[in-house]
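Biologist: Could you walk me through this chain, one question at a time? I'd like to see how you get to each answer.

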Amino acid sequence: MRRQAASGAAGDAGRAAARVADSADCTRGRSPCPCRLIDFCAVWDAGVFLASAARQGAPSGVTGRRLNEAETLNSVREDQFQRLEAARPRGLGHGARGPVLRMAGPPPPWACTAILLCALSLSGAIEIPMDLSQPPTITKQSVKDHIVDPRDNILIECEAKGNPAPSFHWTRNSKFFNIAKDPRVSMRRRSGTLVIDFRSGGRPEEYEGEYQCFARNKFGTALSNRIRLQVSKSPLWPKENLDPVVVQEGAPLTLQCNPPPGLPSPVIFWMSSSMEPITQDKRVSQGHNGDLYFSNVMLQDMQTDYSCNARFHFTHTIQQKNPFNLKVLTNHPYNDSSLRNHPDMYSARGVAERTPSFMYPQGTASSQMVLRGMDLLLECIASGVPTPDIAWYKKGGDLPSDKAKFENFNKALRITNVSEEDSGEYFCLASNKMGSIRHTISVRVKAAPYWLDEPKNLILAPGEDGRLVCRANGNPKPTVQWMVNGEPLQSAPPNPNREVAGDTIIFRDTQISSRAVYQCNTSNEHGYLLANAFVSVLDVPPRMLSPRNQLIRVILYNRTRLDCPFFGSPIPTLRWFKNGQGSNLDGGNYHVYENGSLEIKMIRKEDQGIYTCVATNILGKAENQVRLEVKDPTRIYRMPEDQVAKRGTTVQLECRVKHDPSLKLSVSWLKDDEPLYISNRMKKEEDSLTIFGVAERDQGSYTCVASTELDQDLAKAHLTVLGRPDRPRDLELTDLAERSVRLTWIPGDDNNSPITDYVVQFEEDQFQPGVWHDHSKFPGSVNSAVLRLSPYVNYQFRVIAINEVGSSHPSLPSERYRTSGAPPESNPSDVKGEGSRKNNMEITWTPMNATSAFGPNLRYIVKWRRRETREAWNNVTVWGSRYVVGQTPVYVPYEIRVQAENDFGKGPEPDTVIGYSGEDLPSAPRRFRVRQPNLETINLEWDHPEHPNGILIGYTLKYVAFNGTKVGKQIVENFSPNQTKFTVQRADPVSRYRFSLSARTQVGSGEAVTEESPAPPNEAYTNNQADIATQGWFIGLMCAVALLVLILLIVCFIKRSRGGKYPVREKKDVPLGPEDPKEEDGSFDYSDEDNKPLQGSQTSLDGTIKQQESDDSLVDYGEGGEGQFNEDGSFIGQYTVKKDKEETEGNESSEATSPVNAIYSLA
């Protein structure tokens, strides 16, 4: 109780002893931490960590949670704290928000020590304010085994504090080290650190030894550890000439490294003399001692040399040993790659199979000792044919899965941070198909001393009692030696107030004269521990150590702690008051710890106010005030959700936050728990994060961190990016046969989209080197397949993985495998015979590829003869893919055969293909006919050419319209070879057309046949009208006719006035004679005579050709075609008959009334 009281009086600067005890209980889950910022243990025990409980300085990486919205201040009671909800459940569905982070069990030690500062120093020692007198305390020193670089100055650190400031001196090898006598050695000011300067010369090795620092003032002497100074060494490799190592194929081999002894030990690795790394696998590997072990030697091991290399840490230099050269004796001198992965590779090479035997360690049993806290490395390397597999076991139990891992192709077992329970018997089992062998390793765990109870500084008031405890454990059990001020306790002056009881020193009724520094040294054969602890006797009134009138802001509903750092001796008592009230705060929602800290178990709004702490002892009292403000918690009410996105799409993660408006909010993002770099593909807004063009590297967990200066809340979501699969790897050929091989591969990562297919491709180096061809396709569920092979192909394979997103990059190629040859089993395809000229025939075919050649020197036997002539076959051998037959008739059929042949024989009998010699221009089409059924269309017909001279590919028709001297634009029409008819739509009824028709082959268009359309019936008048209508003489003639008509009219009127009568006879239609060109179908077949005007017809003024209707004709007026005349030669009954005719015909006639008729009609 006295020690606890004294530590409590120390306040924030001197209460560490009690805090350490409380911290130990906290880490075991038994009591809350005496911490200023937050009671982490109590929050952890509740099962929910509230990040808002932390004040300033809370770590940003700690996950925050918040209270359930349904809980209100009035309903929150102390017994409900453990039932508070941290957040709504999180998941993938509607309203779900991802996983809730809950914690089970006690918090880790860092929760109360590192983060919450439950102890003020790593040692947990009591701190006295520096303005008070105190003995020295070592604060910094070099490591026990201090290795230095010989190229640099030597620095041996030793720093200490005390009041008054301590002085320093050193011993070397347990003797006083006189610094003043050595000009190279100096001590830093206000420090005990030694500096040994070699700029003016000297050898660092001269200063090797064991050093110890002493810090002294009038209240005592503190000691550093014994520091062993060593200079780093990197000696050169001894020169030696190495003879070639001769070994039989299949035998085991060890190449010894034997590096020079460096300090620290160098790192060993093997390379060739050309600095290429040696490939290691379960057959060839490096042991922990640096030697290179071959479980069995193969002929391929001769392809390089082997050099051991040592890299030294301090000098950063690499030294290379002279290389070993191997000479492998073998029964199979050819290093055939096709045998490398043969299932019976060894027997195929004539190597005898052997049961395993151990190369290291030798024999069947060995033992090994390891120190507690170090790594245990067990190693077994075995020889044998085939190469043995290694497995590890522990007798009477399982291997420690949390600490054990396998290395060096299962040849080594490493157990980290060894403890006593790792002792026992381990054995390795080496096995192959010939048998197995076992080696047992007995492991003993020893321990250098380690602390159970390290002595702490003791601060007492005059007359108080106290004790120093020094407890340590180890294997073997360590011994304890007490010293005071650097001298053995036995040789120190007697002190009646001090009693030594083994590992404990008891002080009773201490006085000012009892002040001193005590050392506890505990050691065994594996090491030692040295601790300093001072006894200080003080008489000090209470004093406050923290700033006055602090403002402390806390988050609603949190458990918090108010500290009042103080110091005093004897121990002050501490009481708390709120808002000047007279009652002491203790009980209910408040709890006061023995160290004086006030805990508020559940912060409420009414807890705001001013809190006063008062420390009192017999020498006086001191007080301080703390103002407490309560803030609303920060919470994320809309959290990012887990998403699955394809590569290249856009993703948005939401993060909407509510917080106390008086606090400054900051929203940041983490990716995989590391700060997210916002690249140009990302856009960070107040309530969201957008990622454009999502890539595979964007996959991971994204955490939204909403934080203020008092608290923070986190919400995490996982982004899964669907990408193309990674390339398959480690291709291996097994089960090699004449026409098949098994290909096995290791699938690459599917990048979140299952692999649906694998495409196996091959490449051969004879016909198309470097060109990859698809071989076969397999489901995504397999990683091994039997491939069918063709003869005489030097295969190399690769594999491509496919998923819904796309294809992977091709795998690295496999090794090559060549199959044996055979005669071809097929012939070339796509055989054709076509003429490139009219007097030849070019025979072509698709050449056979590497998988169908089946042997070397692939060639083709080409045969041909004219079809149906029964003549002998012509033949020739060709190495290409074409042959031209010359001097052939035009376009005649040939029978063609092409047969493959290689050095192993001929292929099967080929099929016969019909080809044709070259084509020529075709003759003109036959019987080209032009018919005009009406004035709107013209029909064309023709027959095929008599001599096509090839395959007709069509017809070409060219035609042009013309009318007298006017010619229209030429029109070209192309027809298929089967078309022999065509209809032309006339543009107008008066133009004629000129047609030219020719047939086409691939050579070109042949001779053309030309025809013109027949002239229309009114063409003569049309031409005459076009030629004379504008002539002067024609105009004069028309005027004369008009004058004559006028005279005749006058004569008619005169005759009529005389009463002249004319007998009239009915006009009769003249029937068509047999020579009439009109056919039964109503159409006309025009010939050259058709273009002549008919007798008795004339050209009308409108350009049509009609039957002549002369007023002088007797046909229209007589019967039987005979006209009637009077004696004076005048017409008889012309007017009467003509009028009757007009009345009967009306407007049916398309002919204009003649001028004579018009005159008589008027009369």
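Modeller: Sure, and keep in mind that this is a predicted model. Let's start with Glu606 and Arg604, whose side chains meet in a salt bridge, 3.8 Å from N to O.

Biologist: Is Glu606 buried, partly exposed or exposed?

Modeller: Buried means under 20% relative accessible area and exposed means over 50%, with partly exposed in between. Glu606 has a relative accessible area of 45%. That value falls between the two cut-offs, so Glu606 is partly exposed.

Biologist: How many salt bridges are there by this rule?

Modeller: The rule asks for a side-chain nitrogen of Lys or Arg within 4 Å of a carboxyl oxygen of Asp or Glu. Arg372 and Glu420 form one of these bridges, with their closest N and O atoms 3.6 Å apart. That pair links distant parts of the chain, 48 residues apart. By this rule, the count comes to 46.

Biologist: Which residues are linked in a network of salt bridges with Glu654?

Modeller: Start from Glu654 itself, which forms a salt bridge with Arg656 at 3.4 Å between the closest N and O atoms. Glu654 is partly exposed at 28% relative accessibility, and Arg656 is partly exposed at 26%. The network links Glu654 with Arg638, Arg656 and Asp687.

Biologist: Now the cysteines. Why does the pair Cys257 and Cys308 count as a disulfide, and how far apart are the sulfur atoms?

Modeller: A disulfide needs two cysteine sulfur atoms within 2.5 Å, and this pair fits because its sulfurs lie inside that limit. Cys257 sits in the loop between β13 and β14, while Cys308 is in strand β17, 51 residues apart. The distance between the sulfur atoms is 1.9 Å.

Biologist: Is the link of Cys655 and Cys704 left-handed or right-handed?

Modeller: These two cysteines form a disulfide with sulfur atoms 1.8 Å apart. Cys655 lies in the loop between β49 and β50, and Cys704 in strand β55. The torsion about the S-S bond is about -75 degrees, so the disulfide is left-handed.

Biologist: And what about the link of Cys564 and Cys613, left-handed or right-handed?

Modeller: Their sulfur atoms are 1.9 Å apart, and the two form a disulfide. Cys564 is buried at 4% relative accessible area, as is Cys613 at 0%. With 55 degrees about the S-S bond, the link of Cys564 and Cys613 is right-handed.

Biologist: Last one: which helix holds Ile1047?

Modeller: Ile1047 is part of a nonpolar surface patch that also includes Leu1043 and Ile1054. Ile1047 is partly exposed, at 44% relative accessible area. Its place is in residues 1032–1057, helix α8.

Notes:
Residues are numbered from 1 along each chain as its sequence is written. This is a predicted model: local features need pLDDT of at least 70, side-chain atom pairs count only at pLDDT 80 or more; totals for chains, interfaces and linings use all residues. Side-chain values use heavy atoms; hydrogens and water are left out. Patches are made of residues with over 30% relative accessible area and no salt bridge: like charges are joined within 9 Å, nonpolar side chains (Val, Leu, Ile, Met, Phe, Trp, Tyr) within 5 Å. Accessible areas come from the Shrake-Rupley method with a 1.4 Å probe; for residues, only the protein chains shown count as cover. Helices (H or I, at least four residues) and strands (E, at least two) are DSSP runs, numbered from the N terminus. Buried means under 20% relative accessible area, exposed over 50%, partly exposed in between (1.4 Å probe, protein chains only).
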